[in-house]
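Visitor: I would like to understand how the descriptive terms applied to a structure follow from their definitions. Please take me through them one at a time.

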Amino acid sequence: MNEARALPCLEPLPDLDREEEPTGAPFFLPGESPRVHNRPKSRPKLEIRNVVKTFASTKGLIRALSNINLTVHEGEFACVLGPSGCGKSTLLHLIAGLELPDHGEIRLYSSRTKKGNNAEKLIIFQEAALFPWLTVLENVLFGLRLQRLGAKESKERAMHFLALVKLENFANCFIHELSGGMKQRVALARALVLDPELLLMDEPFAALDFQTREKLQSELEELWKRTKKTIIFVTHNVEEAITLGDRVILFSGQPGTVKQEYTLPPGRPRQKESPFFAELAVEIKRDFQNPGRELVEQVTG
Ligand SMILES: Nc1ncnc2c1ncn2[C@@H]1O[C@H](COP(=O)(O)OP(=O)(O)OP(=O)(O)O)[C@@H](O)[C@H]1O
Ligand SMILES: [Mg+2]
């Protein structure tokens, strides 16, 4: 029996009914440009229009983001790539509502049909921000405390998501007993248990070693397929972006703006050894290293 269906508190996980994507299919056809690959789009989930963000700092006013226009679609895995300081984290903070834009508009289209306290947008940070004095299970339960669920139901729900991230046997461990990769899995379970409409991930695997990073990438890809979440994933790493993304959005240097977008073909998991993967990585790296305006724009007045 499907484990999710056995839990009364959960909507059953979609039965991997995302349109089946061919595995092992060529990453690109020879000669095909990644930039012109068109994929059918679902409806918009998030629209960002003409967003500008400036910070006051000791060096004066710093423009972090300049005229961002971006639409993310329902169920899309969008990767934001860009050099350090180009405003990637700022963008996620604006989307999450932790900061307000100076100008422009950010609109989330909710698909909720039922009332509840489920989160709309949740961020997972580079360093998993967990409570060290709580156990793994208690960390995951923490976000559920505002929801009107009974203790038994909450625990079942938390354990369900811990099982999804393969940590059900570590539920009673404290955070300091976990590896970096396990901590990020707890952070992922803690976010998913709240059933967010939009999952914002700010370089969640950057601090991990290569092997753990690759393992978590493929686990995240599986979770995304199962939960159909809309994900915006920030990274510095070109290979990570083209491994995970339906679309890679390349930012220019500071102040950040969308410099280039690459829509990827649907075949998953991506064949990293494919010449086309390498070709795209080279192309993006070339664009990445030529980020445009690199100087800090000082905004006066
Ligand atoms: N709260 C703040 N106050 C002042 N300046 C800020 C603040 N937050 C960000 N900035 C500035 O805005 C710019 C963009 O910062 P942000 O953290 O968004 O970049 P980033 O692309 O996420 O960089 P990294 O890849 O290093 O994480 C930087 O110049 C940073 O110094
Ligand atoms: Mg950042």
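Guide: The answers below set computed values against the definitions behind each term.

Guide: This is a predicted model, in which local features need pLDDT of at least 70 and side-chain atom pairs count only at pLDDT 80 or more, while totals for chains, interfaces and linings use all residues. Residues are numbered from 1 along each chain as its sequence is written, and chains are lettered from A and ligands numbered from 1 in the order in which they are written.

Visitor: What is the mean pLDDT of the protein, and where does pLDDT stay under 50?

Guide: pLDDT is the predictor's confidence in each residue, from 0 to 100. The protein has a mean of 81, and 80% of its residues reach 70 or more. Over residues 1-37 the pLDDT stays under 50, and the model has 52 contacts beyond four places in sequence for this stretch. Residues 293-301 also have a pLDDT below 50, with 14 contacts in the model beyond near neighbours in sequence. Two residues are in contact if their C-beta atoms, placed from the backbone, lie within 7 Å.

Visitor: How many helices and strands does the protein have, and how are they assigned?

Guide: There are seven helices and 10 strands. Helices (H or I, at least four residues) and strands (E, at least two) are DSSP runs, numbered from the N terminus.

Visitor: What makes R157 buried?

Guide: A residue is buried if 20 or more other C-beta atoms lie within 10 Å of its own, exposed if 12 or fewer, and partly exposed in between, with C-beta atoms placed from the backbone. R157 has 21 C-beta neighbours inside 10 Å and therefore counts as buried. R157 belongs to helix α3, whose buried residues also include S154, A158 and F161. The buried residues of α3 pack against α2 (136-142), α4 (180-192) and α5 (210-227). R157 and L194 lie 37 residues apart along the chain, with 9.5 Å between their C-alpha atoms.

Visitor: How do you know that the span of α3 is close to the expected one?

Guide: The expected span of a helix is 1.5 Å times one less than its number of residues. Helix α3 (residues 151-164) has 14 residues, and its first and last C-alpha atoms are 20 Å apart, close to the 20 Å expected.

Visitor: Why is P204 called buried, and why is E203 called partly exposed?

Guide: P204 has 25 other C-beta atoms within 10 Å, so it is buried. E203 has 19 other C-beta atoms within 10 Å and is therefore partly exposed. P204 is in the loop between β6 (198-202) and α5, and E203 is likewise in the loop between β6 and α5. Leaving aside residues up to four places away in sequence, P204 touches I124, Q126 and Q184.

Visitor: What is notable about the phi of E203 and of D195?

Guide: Most residues other than glycine have a negative phi, and most peptide bonds are trans. E203 is not a glycine, yet has a positive phi of about 45°. D195, also other than glycine, has a positive phi near 50°. D195 is in the loop between α4 and β6, and it counts as buried because it has 20 C-beta neighbours inside 10 Å.

Visitor: Which peptide bonds before P255 and P269 are cis, and what is their omega?

Guide: The bond joining Q254 and P255 is cis, with omega about 0°. The bond from R268 to P269 is cis, with omega near -5°. P255 lies in the loop between β8 and β9, whereas P269 is in the loop between β9 and α7 (275-288).

Visitor: How do you know that β8 and β9 pair?

Guide: Two strands pair if DSSP finds at least two bridges between them. Five bridges join β8 (residues 247-251) to β9 (residues 258-263), and the two strands run antiparallel. They form a hairpin with six residues between them, and F251 stands opposite V258 in β9.

Visitor: What makes a residue part of the shell around ligand 1, and how many residues surround this ligand?

Guide: A residue is near a molecule or strand if its C-beta atom, placed from the backbone, lies within 6 Å of it. For ligand 1, 14 residues surround it, and F55, A64, S84, S89 and T90 are the closest. Two or more residues each come from β1 (44-57), β2 (60-73) and α1 (88-96), and α1 gives the most, with three.
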